[in-house]
Amino acid sequence: MHATDFRKAAALCEKGRYAEAKPLLQRLIQQNPTHSETHRMLGQLLSDGGDQDAALAALITALRWNPANTHALLMAGNSVAQYHRDLPTALRFYDQALRVKPDDYLTAANAGYLLYQDGKTEQAKHYLHKALEIQPNYANALFTMGLVNEREGDFQAAFTHFSGVLKAPKNHETLYQNAIKQAFESADKVIQRAEASALVAQYTHQLTTQGGTEVETAVDADITTAAKIEFAENYQRAVHVVRYKPNYPAVQHLIMHELVHLQFVIEARQAKANQLFTATQQHRAAFAKNLESTRQKLRQQNVADANITNYFNALFDGLNLQAYNTPIDLFIEQLLFDQFPALRPYQFVSIHGLIQEGIRAMTHKNVVTVWPKDILFKSKVYNLINALQFRELYGLDLLKEFQATPAELKTAQELYDEYQQYKNDRQPAEEYELLANWAEDLKLSTHFELVDEIAYRTKRTNLDNLLTSIENDPFDLDSTDPAKAREKEKFQQAHSAADTNPAVMMYMAEALRFFEKIPKEQTQKIAFEIAMLGAQGINPQGQNYRVSAMPNKLFSGYHLLAYYYVSWALSAPEILPELGLHFNKEFEAARKITSSDPPP
């Protein structure tokens with residue numbers, strides 16, 4: 001009967017039904033006056049009811065029958081400290097509880113808080129350190145330690161402890177919200193000291209030594225992003241330049257972020273694995289073509305074509321920026337978090353500000369109602385991925401503010417989970433693999449190309465020389481290379497007619513050799529891609545066309561038209577009349593050239 005009544009009394013106390021619990025506890029004490037925990041429970045009931053003197057008496061009685069009742073020791077200490085203002089006596093209760101139960105972090109944290117309130121900072125730290133040694137993520141102890149750090153003027157440590165509360169198990173909403181407020185306040189005080197400037201200078205020097213190229217930083221309020229790095233090779237300069245907007249909060253984080261971009265590139269180059277993210281006019285045209293229905297809607301609303309083009313360009317550039325930056329940025333922010341703990345207050349404020357920008361953009365009425373739904377989905381997914389990492393690093397959850405659909409959240413979480421598989425053992429240039437995987441999953445692969453940097457820059461060097469050579473000798477008539485001389489002889493024999501285009505014939509012979517080495521399905525894929533470019537118009541005299549399936553080739557207008565004709569002639573010849581290309585004589589002549597090629 002005693003055990004049953006005791007459980008019933010405990011349940012009533014938990015529900016706040018003290019009037020029913022009190023007589024039951026008193027009856028239990030009459031039946032068994034030496035049961036310590038019954039006296040302890042009566043003491044808690046009396047304390048919650050406001051009768052502090054009777055509560056302390058009940059707790060002392062509980063300790064008389066069991067001096068090792070740690071719950072009674074803790075409550076007695078709290079009662080003496082809070083209601084009787086006798087901190088030395090309270091500490092004796094706390095110390096006894098800790099002797100009985102050395103891993104009692106609740107008692108240690110309580111003692112630390114009361115000592116902090118009493119202005120005894122060093123004593124408070126002793127108990128708080130003990131609590132955190134036992135339970136490192138105990139939110140109350142972390143918060144109190146943050147208050148102690150603030151009192152001492154150590155705002156870096158204060159931020160560490162307040163942000164630790166955000167990552168701790170969330171058991172009290174008020175404490176969580178107070179920790180957010182205190183984390184921002186302590187971070188702001190760290191930032192005001194601008195001590196990270198020395199960190200930036202040190203890291204800049206390190207990368208200059210590591211990469212062999214000087215690195216400079218420059219204020220630039222006119223750039224379109226918060227910060228950017230300009231690689232020396234892309235600007236024909238002797239130095240890399242990190243540009244940043246000075247009015248962004250915690251701007252040192254933005255500079256460090258761009259410097260890690262450089263570190264990744266240096267590492268990838270040393271591994272001969274660096275890649276370049278490129279987007280051509282053909283990519284842009286294909287993107288615009290997919291938005292034709294949107295174009296028609298905007299025209300019906302009397303939006304000028306020039307404005308529509310600018311709008312599409314902004315969408316294209318913005319989505320490509322996200323496709324490139326988001327996966328790489330995850331690795332960058334993790335590195336900054338792990339290797340530069342002094343930068344964390346800057347990182348916290350800076351990323352929070354950038355995510356808030358994303359929230360405003362993704363929930364703005366004009367964006368939600370005007371943007372094509374497919375583009376809004378993909379852009380929001382990339383924004384959600386950034387918020388997922390911010391939550392993991394700092395415990396602050398901003399996901400709900402995006403007003404995302406279940407599908408958007410699910411996709412973002414799946415992509416972020418894939419990043420987690422790379423995170424701990426990233427190899428140089430592996431971020432490009434993740435970038436490509438995500439682009440494929442989100443159907444963005446047709447918006448850009450990733451090209452090997454060495455091949456690209458070698459190609460560009462060779463191309464500059466080749467273009468000069470072609471301008472002076474379009475058909476290589478002055479070549480003394482024996483192989484080219486034989487090619488010239490075959491060419492002259494096959495093309496004596498005056499009504500053919502010699503350049504197209506040579507390009508077609510090249511195309512026939514190229515397509516001979518690949519499957520018909522791939523030939524057809526290339527045919528369709530060039531047809532898409534053809535829908536936007538191919539200038540025979542133009543240059544610098546690219547086809548994603550042949551990333552290392554740069555086409556002139558006639559060069560591309562030759563590949564256009566040959567790809568359809570081989571994959572679907574019945575379509576040729578619809579192309580409007582009258583190159584049948586050139587094609588037959590090119591076939592004669594290649595038919596006399598020696599066996600491979």
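The tour opens at helix 14 and helix 16, whose crossing is right-handed. The model on display is a predicted one.

**First stop: helix 14 against helix 16**

Select residues 281-289 for helix 14, and then helix 16; the two pack at an angle of about 115°, with their axes 10 Å apart. Helix 14 is therefore roughly perpendicular to helix 16. To see where they meet, show the side chains of His-283, Arg-284, Phe-287 and Ala-288 on helix 14, and those of Phe-312, Asn-313, Leu-315, Phe-316 and Asp-317 on helix 16. Coloured by class, this contact of helix 14 with helix 16 has five nonpolar, two polar and two charged residues.

**Second stop: helix 16 against helix 21**

Keep helix 16, which covers residues 305-339, and add helix 21, residues 430-441. The angle between this pair is about 135°, and their axes lie 9 Å apart. Helix 16 and helix 21 are therefore oblique to each other, since an angle of this kind falls outside the ranges for parallel, antiparallel and perpendicular packing. Helix 16 passes helix 21 in a right-handed crossing.

Which residues make this contact? From helix 16, select Ala-323, Tyr-324, Thr-326, Pro-327, Ile-328, Leu-330 and Phe-331. From helix 21, select Glu-431, Tyr-432, Leu-434, Leu-435 and Trp-438. In the contact of helix 16 with helix 21, ten residues are nonpolar, one is polar and one is charged.

**Third stop: aromatic rings**

Aromatic side chains come next. A search of the whole structure finds 23 aromatic pairs. Begin with Phe-277 and Tyr-324: their ring centres are 5.2 Å apart and their planes stand at 55°, so the pair is tilted. Phe-277 belongs to strand 4 (residues 275-278) and Tyr-324 to helix 16, so the pair ties together parts that are 47 residues apart in sequence. Is Phe-277 buried, exposed or partly exposed? Its relative accessibility is 24%, so Phe-277 counts as partly exposed.

Now select Tyr-311 and Phe-312, which form another tilted aromatic pair, with 5.9 Å from centre to centre and 40° between the planes. Tyr-311 and Phe-312 are both buried. Phe-312 is also one of the helix 16 residues in the contact with helix 14.

For a group of rings, select Phe-159, Phe-184, Phe-337, Phe-348, Phe-390 and Tyr-394; ring pairs link these residues into a cluster.

**Fourth stop: Leu-388**

Display helix 19 (residues 373-394) and find Leu-388 within it. Leu-388 has a relative accessibility of 6% and therefore counts as buried. Leaving out residues up to four places away in sequence, Leu-388 touches Leu-399, Ala-412, Gln-413 and Tyr-416. A distance drawn between the C-alpha atoms of Leu-388 and Leu-399 should read 7.4 Å, for two residues that are eleven apart in sequence.

**Fifth stop: Thr-411**

Move to helix 20, residues 406-423, and select Thr-411. Is Thr-411 buried or exposed? With a relative accessible area of 18%, Thr-411 is buried. Apart from neighbours within four places in sequence, Thr-411 is in contact with Phe-377, Val-381 and Leu-442.

**Sixth stop: Gln-252**

Go next to helix 13, residues 251-270, and select Gln-252. Gln-252 has a relative accessibility of 12%, so this residue counts as buried. Which residues does Gln-252 touch, not counting residues up to four places away in sequence? They are Ala-194, Ala-196, Ser-197, Val-200 and Tyr-346.

**Last stop: helix 7 against helix 9**

Finally, select helix 7 (residues 105-117) and helix 9 (residues 139-152). Their packing angle is about 30° and their axes are 10 Å apart. Helix 7 is therefore roughly parallel to helix 9. The crossing of helix 7 and helix 9 is left-handed.

Show Ala-109, Gly-112, Tyr-113 and Tyr-116 on helix 7, together with Ala-141, Thr-144, Leu-147, Val-148 and Arg-151 on helix 9, to see the contact. By class, the contact of helix 7 with helix 9 has six nonpolar, two polar and one charged residues.

Notes. Residues are numbered from 1 along each chain as its sequence is written. This is a predicted model: local features need pLDDT of at least 70, side-chain atom pairs count only at pLDDT 80 or more; totals for chains, interfaces and linings use all residues. Side-chain values use heavy atoms; hydrogens and water are left out. Axes are lines fitted to C-alpha atoms, for helices over the stretch in contact, and angles run from 0 to 180 degrees between N-to-C directions. Helices (H or I, at least four residues) and strands (E, at least two) are DSSP runs, numbered from the N terminus. Angles under 35 degrees count as roughly parallel, over 145 as roughly antiparallel, 65 to 115 as roughly perpendicular and the rest as oblique. A crossing is left-handed if the near helix is turned anticlockwise from the far one by less than a right angle, and right-handed if clockwise. Contact means heavy atoms within 4.5 Å. Ala, Val, Leu, Ile, Met, Phe, Trp, Tyr, Cys and Pro count as nonpolar, Asp, Glu, Lys and Arg as charged, and the others, Gly among them, as polar. Rings of Phe, Tyr and Trp (its six-membered ring) pair if their centres lie within 6.5 Å; planes under 30 degrees apart count as stacked, over 60 as edge-to-face and the rest as tilted. Buried means under 20% relative accessible area, exposed over 50%, partly exposed in between (1.4 Å probe, protein chains only).
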